[in-house]
Amino acid sequence: MATVTLPAYDIHVEPGSLGAVGDIARRAAPAHRYVIITDTHVEPLYAARVVESFGRDRVDVLRVPAGESHKTRESWARLTDEMLTAGLGRDTTVIALGGGVVGDLAGFVAATFMRGVPFVQVPTTLLAMIDASIGGKTGVDTPAGKNLVGAFHQPAAVIVDPDTLATLPVAELRAGLAEAIKHGAIADAEYFDRIERALPALLADVQGAAMHDVIAGSIAIKAGVVQRDERESGVRKILNFGHTLGHAIESESGYRLLHGEAVAIGLVLESALAERLGVAERGTAARIRSVVERAGLPTARPATLAPERIVAATRSDKKARRGAAEYALPARIGAMAGAEVGWSIRVDDAEVRAILS
Ligand SMILES: NC(=O)c1ccc[n+]([C@@H]2O[C@H](COP(=O)([O-])OP(=O)(O)OC[C@H]3O[C@@H](n4cnc5c(N)ncnc54)[C@H](O)[C@@H]3O)[C@@H](O)[C@H]2O)c1
Ligand SMILES: [Zn+2]
């Protein structure tokens, strides 16, 4: 299919590319030893194929139980200890095989192991293919909130094999679409329209042309944004659209909501907030809500989550500064507001409460 070349690393998108992980990793991050970090759902499906791709090179396989609740410092410590016990040293490359949880966690292990070893992202969820695997944000959750401990550590390569979507549960596909809808909303109205038109059929044929268009379209947008601002000092903040309230709702749900489901709710609520503040064109929120709905994603906060709890949880967000939360808000479909304030708009809690209730 395609290779997107960033200054620092290539993103390979090709059906069947799991079989090329060994070759690509050896070229992009040559090492004495390779270690695959995966989870208990992905390992039985795909680890053997990736191990095989390394031929006679020695490859260790480590795993964590599947799920966001394992993206923790405890998992980071255990994986690091297992690598040390296995005798892995500085000359090791980590292969992150799985969804965004594995990518963030294995990336953070790689960022800190022996003060940093290379890693290769092999994302197997839609969300990880189009979003989490690109851009070098790695880290873990803490009881105080999501992603509060981490590091920037760019992968040496990203290898996307769209064939792996065949085994992904449909709820996870929908969750990935939330980030694709976000990409269209922040950067490309025409792409947003294409997603809208392709739904809901898009979900029925994961190997179809429409899904490939989403993978390519979203990767281009995400890669383009992070390339302009690797460390999130400016324009990269637009990728946080939907995520200030999304992260708060995700963690307050006790992670019962998937990341993408919480982001979907966040997109709907934050676009309504943008209209309320007069930041977004009228009708922006309705369009976003309608596409989120067509994707079969939730559009409202769970009734059991009181507005005050969500507002309180935005305080632990990294985007909260000087006692008020900051938001990335749309101006209209395809364009974000707030260039003059570093793409981060400070919003009073009272306005947020009004949208939540
Ligand atoms: N670093 C970033 O820039 C960034 C961006 C967006 C999201 N994230 C993070 O990504 C995480 C969410 O990622 P996710 O949605 O991929 O969740 P996930 O990693 O938990 O994967 C979802 C589920 O699908 C399973 N799975 C993975 N691939 C599969 C396959 N091919 N077939 C069958 N099952 C499969 C997993 O075991 C898991 O149960 C969150 O922690 C979020 O914070 C990070
Ligand atoms: Zn996200």
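The following paragraphs lead through the domains, the ligand shell, three helix pairs and two backbone details of this structure. The model is a predicted one, and the description below should be read with that in mind.

The chain is divided into two parts, domain 1 spanning residues 2-167 and domain 2 spanning residues 170-356, and the C-alpha centres of domain 1 and domain 2 lie 25 Å apart. Where the domains meet, the contact takes 27 residues from domain 1 and 31 residues from domain 2. On the side of domain 1 that touches domain 2, the elements giving two or more residues are strand 1 (2-5), strand 2 (10-13), helix 5 and strand 8, and helix 5 provides the largest share of that side, with five residues. Sorted by class, this side of domain 1 holds 18 nonpolar, six polar and three charged residues.

Ligand 1 is surrounded by 31 residues, of which H41, G99, G100, V101 and T125 come nearest. Several elements give two or more residues to this shell, namely helix 2 (42-52), helix 4 (100-112), helix 5 (126-132), strand 8 (145-152), helix 6 (170-187) and helix 11 (259-276). Helix 5 and strand 8 thus appear in the shell around ligand 1 as well as on the side of domain 1 that touches domain 2. Both domains take part in the surroundings of the ligand, since the shell draws at least three residues from each of domain 1 and domain 2. In its composition by class, the shell around ligand 1 has ten nonpolar, 13 polar and eight charged residues.

The helix packing can be followed through three pairs. Two packed helices are described by the angle between their axes and the distance between the axes. Helix 6, which gives residues to the ligand shell, packs against helix 7 at an angle of about 145°, with the two axes 6 Å apart, and helix 6 passes helix 7 in a left-handed crossing. From helix 6 the contact uses A180, I181, H183, G184 and A185, and from helix 7 it uses Y191, F192 and I195. These residues divide into six nonpolar, two polar and no charged.

Helix 11, another contributor to the shell around ligand 1, pairs with helix 12 (residues 284-294), and the axes of these helices come within 8 Å and cross at roughly 170°. An angle over 145 degrees counts as roughly antiparallel, which means that helix 11 is roughly antiparallel to helix 12. The contact is formed by A264, L267, V268, S271, A272, A274 and E275 of helix 11 together with T284, A285, I288, R289 and V292 of helix 12, and by class it has eight nonpolar, two polar and two charged residues.

The third pair consists of helix 13 (residues 307-314) and helix 14 (residues 349-356), whose axes come within 9 Å and cross at roughly 140°. Helix 13 and helix 14 are therefore oblique to each other, and helix 13 passes helix 14 in a right-handed crossing. P307, I310 and V311 of helix 13 meet D349, V352, R353 and L356 of helix 14 in this contact, where the residues divide into five nonpolar, no polar and two charged.

Two details of the backbone remain. Most residues other than glycine have a negative phi, and most peptide bonds are trans. Against that background, L199 and P200 are joined by a cis peptide bond with omega at about 0°, and P200 lies in the loop between helix 7 (189-198) and helix 8 (201-204). M114, although not a glycine, has a positive phi of about 50°, and M114 is found in the loop between helix 4 and strand 6 (119-123). Helix 4, which comes before that loop, is itself among the elements that give two or more residues to the shell around ligand 1.

Conventions
Residues are numbered from 1 along each chain as its sequence is written. Chains are lettered from A and ligands numbered from 1 in the order in which they are written. This is a predicted model: local features need pLDDT of at least 70, side-chain atom pairs count only at pLDDT 80 or more; totals for chains, interfaces and linings use all residues. A residue is near a molecule or strand if its C-beta atom, placed from the backbone, lies within 6 Å of it. Helices (H or I, at least four residues) and strands (E, at least two) are DSSP runs, numbered from the N terminus. Ala, Val, Leu, Ile, Met, Phe, Trp, Tyr, Cys and Pro count as nonpolar, Asp, Glu, Lys and Arg as charged, and the others, Gly among them, as polar. Domain bounds come from an automatic or database domain assignment. Axes are lines fitted to C-alpha atoms, for helices over the stretch in contact, and angles run from 0 to 180 degrees between N-to-C directions. Angles under 35 degrees count as roughly parallel, over 145 as roughly antiparallel, 65 to 115 as roughly perpendicular and the rest as oblique. A crossing is left-handed if the near helix is turned anticlockwise from the far one by less than a right angle, and right-handed if clockwise. Two residues are in contact if their C-beta atoms, placed from the backbone, lie within 7 Å.
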